[in-house]
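Q: I'd like a close look at a single part of this model, chosen by you. Please start with one residue that deserves attention, then work outward to other places that help put it in context.

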Amino acid sequence: MGNTLGLAPMGSLPRRSPRREEPLPNPGSFDELHRLCKDVFPAQMEGVKLVVNKVLSSHFQVAHTVHMSALGLPGYHLHAAYAGDWQLSPTEVFPTVVGDMDSSGSLNAQVLLLLAERLRAKAVFQTQQAKFLTWQFDGEYRGDDYTATLTLGNPDLIGESVIMVAHFLQSLTHRLVLGGELVYHRRPGEEGAILTLAGKYSAVHWVATLNVGSGGAHASYYHRANEQVQVGVEFEANTRLQDTTFSFGYHLTLPQANMVFRGLVDSNWCVGAVLEKKMPPLPVTLALGAFLNHWRNRFHCGFSITVG
């Protein structure tokens with residue numbers, strides 16, 4: 001019998017192509033897990049500061065900073081930065097060399113290199129006048145959906161002391177990231193390790209992050225209400241110091257007025273705020289900040305001018 005119903009043979013029916021799932025994103029660096037929340041809080045300000053930025057070329061720029069404070073002697077800092085030609089993202093350029101030297105001769109410097117497409121290296125040096133304080137070497141490998149990092153701090157073969165930190169982050173879904181941190185330190189007569197587990201969940205308008213380990217806990221919550229308002233909540237507990245801190249911060253942007261306002265309130269009875277105002281068409285940014293600790297009855301304020 002023929003096909004009396006007029007149906008097409010099974011072999012001639014169009015087949016649906018299998019749905020391709022989008023690859024999982026790279027989770028980024030372990031140090032950036034709480035970055036969105038921390039960027040909401042205002043930076044501490046005290047005294048008067050003048051910053052002059054000067055771009056010398058597409059690769060090189062310098063900055064001069066003069067800081068006067070009632071808590072210490074006036075200081076001067078020279079900041080220089082070099083950026084290479086290899087740009088992976090708007091915030092990542094390789095190689096990068098950054099240095100900062102103050103009027104006493106103390107130096108803070110770091111070098112970032114891209115050894116391969118997925119392998120990055122960083123070296124950090126800190127001196128106090130003619131004495132080395134810190135030297136640190138980092139190696140980071142970024143896979144398609146994971147990041148592995150190994151850090152060596154102040155390695156001393158003669159003194160048999162070293163600090164080693166290993167990080168690992170894995171994207172389980174497009175929103176969930178899990179990982180951990182292992183800190184190992186050794187010096188004569190002392191040796192130990194601390195393990196910390198970490199998790200991060202990213203929604204459309206909010207991000208929740210948690211670090212838990214034998215040394216304590218660190219939790220943060222970031223929420224973007226709209227294009228102008230952002231809030232952040234942070235909780236930190238330190239088992240060694242037997243101390244806990246709860247902080248609430250907010251970030252308000254007023255684009256029509258070229259103003260940014262940041263504020264904070266924490267469980268130590270401390271309140272603070274910083275107001276930044278840009279002065280177009282001049283390349284000048286003014287900032288005014290004030291912080292008050294009710295518990296210790298301490299108050300300090302600051303004012304800064306940034307040119308360039």
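A: Let's start with Trp-269, which is exposed, with a relative accessible area of 55%. The model is a predicted one, so please read every value below as computed from predicted coordinates. Trp-269 counts as exposed because its 55% is over the 50% cut-off. The residue sits in the loop between strand 16 (259-266) and strand 17. Its backbone also deserves a look: phi is positive, at about 60 degrees, although Trp-269 is not a glycine.

A second residue makes a useful companion here. Asn-154 has a positive phi of about 45 degrees, and it is not a glycine either. Its setting is a strand, namely strand 8 (residues 146-156), whereas Trp-269 is in a loop. At 27% relative accessibility, Asn-154 is partly exposed, since that value falls in between the 20% and 50% limits.

Staying with the backbone, let's follow strand 17 onward. The loop between strand 17 (270-278) and strand 18 (284-293) holds Pro-281. Pro-281 is joined to Pro-280 by a cis peptide bond, with omega at about 5 degrees. Another cis peptide bond links Phe-94 to Pro-95, where omega is about -10 degrees. Here the proline, Pro-95, is part of strand 4.

That second bond leads nicely to Gly-84. Phe-94 and Pro-95 are among the residues that Gly-84 touches, together with Val-93 and His-59, once residues up to four places away in sequence are set aside. Gly-84 belongs to strand 3 (residues 75-89). With a relative accessibility of 10%, it is buried, because that is under the 20% limit. Gly-84 can also be placed relative to Leu-113: 29 residues separate them in sequence, and their C-alpha atoms are 9.7 Å apart.

For a contrast in exposure, turn to Ser-58. This serine lies in the loop between strand 1 (47-55) and strand 2 (60-68), and it is exposed, at 69% relative accessible area. Ser-58 and Leu-115 are 57 residues apart in sequence, and 22 Å lie between their C-alpha atoms.

Ser-106 is another serine in a loop, this one between strand 4 (92-102) and strand 5 (107-114). Unlike the exposed Ser-58, Ser-106 is buried, with a relative accessible area of 14%. Its side chain makes a polar contact of 3.4 Å with the side chain of Ser-104. Beyond its neighbours within four places in sequence, Ser-106 is in contact with Asp-100 and Met-101, and also with Thr-127, Gln-128 and Gln-129.

Now for the aromatic rings. The structure has eight aromatic pairs. One of them brings together Phe-248 and Tyr-250, with 6.2 Å between ring centres and 35 degrees between the planes, a tilted arrangement. Phe-248 is partly exposed at 32%, and Tyr-250 is partly exposed at 30%. Elsewhere, Tyr-141, Tyr-146 and Phe-168 make up one aromatic cluster.

Finally, some open space. Rolling a probe the size of a water molecule over the atoms reveals where empty space remains. The largest pocket contains about 970 Å³. Its lining is made of 44 residues, and those nearest the centre are Gly-28, Ser-29, Glu-32, Glu-92 and Arg-142. Sorted by class, that lining comprises 15 nonpolar, 18 polar and 11 charged residues.

The second largest pocket holds about 500 Å³. It is lined by 22 residues, with Glu-181, Thr-196, Asn-211, His-218 and Glu-236 nearest its centre. Two or more lining residues come from each of these elements: strand 10 (176-187), strand 11 (190-202), strand 12 (206-213), strand 13 (216-224), strand 14 (229-238) and strand 15 (243-254). By class, its lining has seven nonpolar, 10 polar and five charged residues.

To come back to where we began: Trp-269 joins an exposed position to a positive phi of about 60 degrees, in the loop that leads from strand 16 to strand 17.

Conventions
Residues numbered from 1 in each chain as written. Predicted model: local features only at pLDDT ≥ 70, side-chain atom pairs only at ≥ 80, totals over all residues. Heavy atoms only, no water. Phe/Tyr/Trp six-rings, centres within 6.5 Å; stacked < 30°, edge-to-face > 60°. Buried < 20%, exposed > 50% of the residue type's maximum accessible area, 1.4 Å probe, protein only. Helix = DSSP H or I, 4+ residues; strand = E, 2+ residues; numbered from the N terminus. Polar contact = N/O pair within 3.5 Å; in protein donor to acceptor, adjacent residues only side chain to side chain. Contact = heavy atoms within 4.5 Å. 1 Å grid on protein atoms, 1.4 Å probe; cavity = no way out; pocket = protein on both sides within 12 Å on 5 of 7 lines; lining within 4 Å. Points joined across faces, edges and corners; volume = space filled by probe spheres on them. Nonpolar A, V, L, I, M, F, W, Y, C, P; charged D, E, K, R; others polar.
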